[in-house]
Amino acid sequence: RRVLIPPHRLSPLKKDWLKLYTPVVEHMGVQVRFNIKSKSVEIRTCKETKSPSSLQKAADFIRAYALGFEVDDALALLRLDDLYIDSFEIKDVKTLAGDHLSRAIGRIAGKSGKTKYTIENASRTRVVVADTKIHILGSFQNIRVAKDAIVALIMGSPPGKVAATLRTVSARMKERF
């Protein structure tokens, strides 16, 4: 199985290779190599592979890193079964161009990343804003909460209103568990 690595993630991949390689080989029992020509990480099963889902989990882990998630956040994909990655573009929500697009990205990030961290902490997810693409890592229900908040920001809601809504939703989620 092959996971393509985008050009902007090649140098971080080289830097973090041991952190990526070790858990995949030791815990999943699959073979991993980086193909320099095709700029992809190749994964295959071997005799030490523990379960058939190991290959898929390893591929998801590498793909999460390629999308821009930290190694520690992506490691959760190997450990837990009910984690997913949801990706969408700002254009999927609302057609924006130029300064309007920049402002929407700014609303999502917030001052010094404050809004993004608020969304991550309230919804228990991890969010990566890569240009006009947004990637969310978390459980299905938590992804929905984070996506609703991000969509509201893209549509033009002020960050304060979105944060208040997130607080009420996260309080409701805590009551349920």
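Two strands count as paired if DSSP finds at least two bridges between them; strands are DSSP E runs of at least two residues and helices H or I runs of at least four, numbered from the N terminus. This is a predicted model, where local features need pLDDT of at least 70 and side-chain atom pairs count only at pLDDT 80 or more, while totals for chains, interfaces and linings use all residues. Residues are numbered from 1 along each chain as its sequence is written, and side-chain values use heavy atoms, with hydrogens and water left out.

**Exercise 1.** Work out the strand order of the open sheet and find its edge strands.

*Solution.*
- Start with β5 (residues 126–130) and β6 (residues 133–138): they pair antiparallel over five bridges, with Val128 opposite His135.
- Check their hairpin: two residues sit between the strands, and Asp131 has a positive phi near 55 degrees.
- Now add β4, which pairs antiparallel with β6 over six bridges; Asp86 has Ile136 as its bridge partner there.
- Put together, the order is β4-β6-β5, and β4 (84–89) and β5 are the edges, each pairing on one side only.

**Exercise 2.** Find which helix supplies the largest share of the largest nonpolar core.

*Solution.*
- Get the term straight: such a core is a set of buried (under 20% relative accessible area, 1.4 Å probe, protein chains only) Ala, Val, Leu, Ile, Met, Phe, Trp, Tyr and Cys residues joined through side-chain atoms within 4.5 Å.
- This one has 29 residues, with Ile5, Leu20 and Phe61 among those touching the most other members.
- List suppliers of at least two residues each: α1, α2, β3, α3 and α4.
- The winner is α3, with eight residues.
- Don't mix in the separate second core of 21 residues, which includes Leu96 and Ile134.

Key: Buried < 20%, exposed > 50% of the residue type's maximum accessible area, 1.4 Å probe, protein only.
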